[in-house]
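Please report on the main pocket of this model and on the elements around it. Keep it brief and tie each point to named residues.

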Amino acid sequence: MSQLLLFCVFLATFSYISSTEVCTNTLLPGAKGDQGETGEEGDEGKIGKNGPPGFSGTPGEPGIKGEIGQTGKIGIIGEKGEKGHKGMEGPPGLKGGPGTTCDCGRYRRVVGQLDRNVGKLRNAINFVKNVVLGLRETEEMYYFLVKETKTLREASINCKLRGGILAMPKTSTSNHLMAEYVNQAGLTGVYVGVVQAPNKTMDETSSYIYADSSPVLGFTAWSQQGKLTSLDINSCCVELRSTGTWSHVECDTTMYFLCEFPKIRRGATGRGVPALVPK
């Protein structure tokens with residue numbers, strides 16, 4: 001009985017080992033086969049995303065120098081620069097030749113005579129201006145009283161033909177000079193270059209302009225009657241009284257008038273005395 005049991009155990013063990021070997025053999029890979037034929041070329045794939053930028057290349061050689069371009073426009077003049085430092089002192093010059101004996105007394109007499117002649121000439125010019133021509137003057141202007149009765153428009157044209165403009169009493173000094181001029185001529189009043197502006201306002205001062213179209217600002221010399229009639233549309237022109245006050249007058253009234261002429265500076269061309277006779 002025991003022998004039969006041992007035989008069965010042996011048989012079972014042998015069967016198990018045989019089955020395990022068979023299963024193990026079936027899991028092992030076979031031998032490598034022969035290489036197959038090359039397949040056909042596939043379709044072109046889709047374009048991939050842009051890759052990162054590459055490294056900078058080596059700088060190339062400089063190109064040939066181009067032609068000179070056109071000259072540009074002249075720029076704005078710059079501000080004046082600061083004064084430079086004083087330069088080094090130059091070498092002394094050569095020694096001059098011997099001088100001649102100077103007759104100083106003789107030259108002094110000549111210079112003195114020239115000074116006297118210049119003084120006489122200046123007095124003669126003043127005589128011509130103030131007595132013969134009847135001019136009055138300040139540092140900047142000549143004033144001339146025209147004894148011809150004109151309307152304001154005619155008087156303005158007459159002054160322009162003479163090379164000037166109707167006199168404008170813009171300061172108390174010029175106003176006093178003109179009034180004294182009128183008084184010495186034995187007159188009571190003359191036209192001056194002050195008129196009521198076309199776009200007048202209720203402001204008495206700003207509603208008037210001078211002959212050069214500048215507004216009457218600051219100095220005025222209205223009489224009491226002139227202030228009361230300042231808004232009268234029929235009296236929009238101004239006369240300078242011998243008393244130095246301003247009064248209104250109708251522009252169609254004919255009366256004497258004052259012209260002024262700017263003095264010509266040194267170095268300017270032309271005559272130093274205005275043309276007092278109309279051209």
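The largest pocket holds about 210 Å³ of space. This is a predicted model. The lining of the largest pocket consists of Thr138, Glu139, Glu140, Met141, Tyr143, Met168, Lys170, Thr171, Thr173, Ser174 and Glu260. By class, the lining residues divide into three nonpolar, four polar and four charged. Strand S2 and helix H4 each supply at least two residues of this lining.

**Glu139**

Glu139 belongs to the lining of the largest pocket. Its place is in the loop between strand S1 (135–137) and S2. Is Glu139 buried or exposed? Its relative accessibility is 78%, so Glu139 counts as exposed; the cut-off for exposed is over 50%. Glu139 and Lys263 lie 124 residues apart along the chain, yet 8.0 Å separates their C-alpha atoms.

**Strand S8 and its partners**

Glu260 is another residue of the pocket lining. Glu260 in S8 is also the bridge partner of Ile165. Strand S8 covers residues 255–262 and is mostly covered, with six of its eight residues buried. The table lists two strands that pair with S8.

| Strand | Residues | Bridges to S8 | Direction | A bridge pair |
|---|---|---|---|---|
| S2 | 141–150 | seven bridges | antiparallel | Leu145 with Leu258 |
| S3 | 165–166 | two bridges | antiparallel | Ile165 with Glu260 |

S2 thus appears twice in this account: S2 supplies residues to the pocket lining, and S2 is joined to S8 by seven bridges.

**Helix H4**

Helix H4 runs from 172 to 184. What span should the 13 residues of H4 have? At 1.5 Å a residue, the expected value is 18 Å. The end C-alpha atoms of H4 are 18 Å apart, so the model agrees with that expectation.

Which residues of H4 are buried? They are Ser174, Asn175, Leu177, Met178, Ala179, Tyr181 and Val182. Ser174 also lines the largest pocket. Against which strands do the buried residues of H4 pack? They pack against S1, S2, S4 (189–196), S6 (237–241), S7 (246–249) and S8. Two of these strands have come up above: S2 and S8 are joined by bridges and run antiparallel.

Just after H4 comes Gly186, with a positive phi of about 75°.

How values were computed
Residues numbered from 1 in each chain as written. Predicted model: local features only at pLDDT ≥ 70, side-chain atom pairs only at ≥ 80, totals over all residues. Heavy atoms only, no water. Buried < 20%, exposed > 50% of the residue type's maximum accessible area, 1.4 Å probe, protein only. Helix = DSSP H or I, 4+ residues; strand = E, 2+ residues; numbered from the N terminus. Pairing = 2+ DSSP bridges. 1 Å grid on protein atoms, 1.4 Å probe; cavity = no way out; pocket = protein on both sides within 12 Å on 5 of 7 lines; lining within 4 Å. Points joined across faces, edges and corners; volume = space filled by probe spheres on them. Nonpolar A, V, L, I, M, F, W, Y, C, P; charged D, E, K, R; others polar. Expected span 1.5 Å × (residues − 1). Contact = heavy atoms within 4.5 Å.
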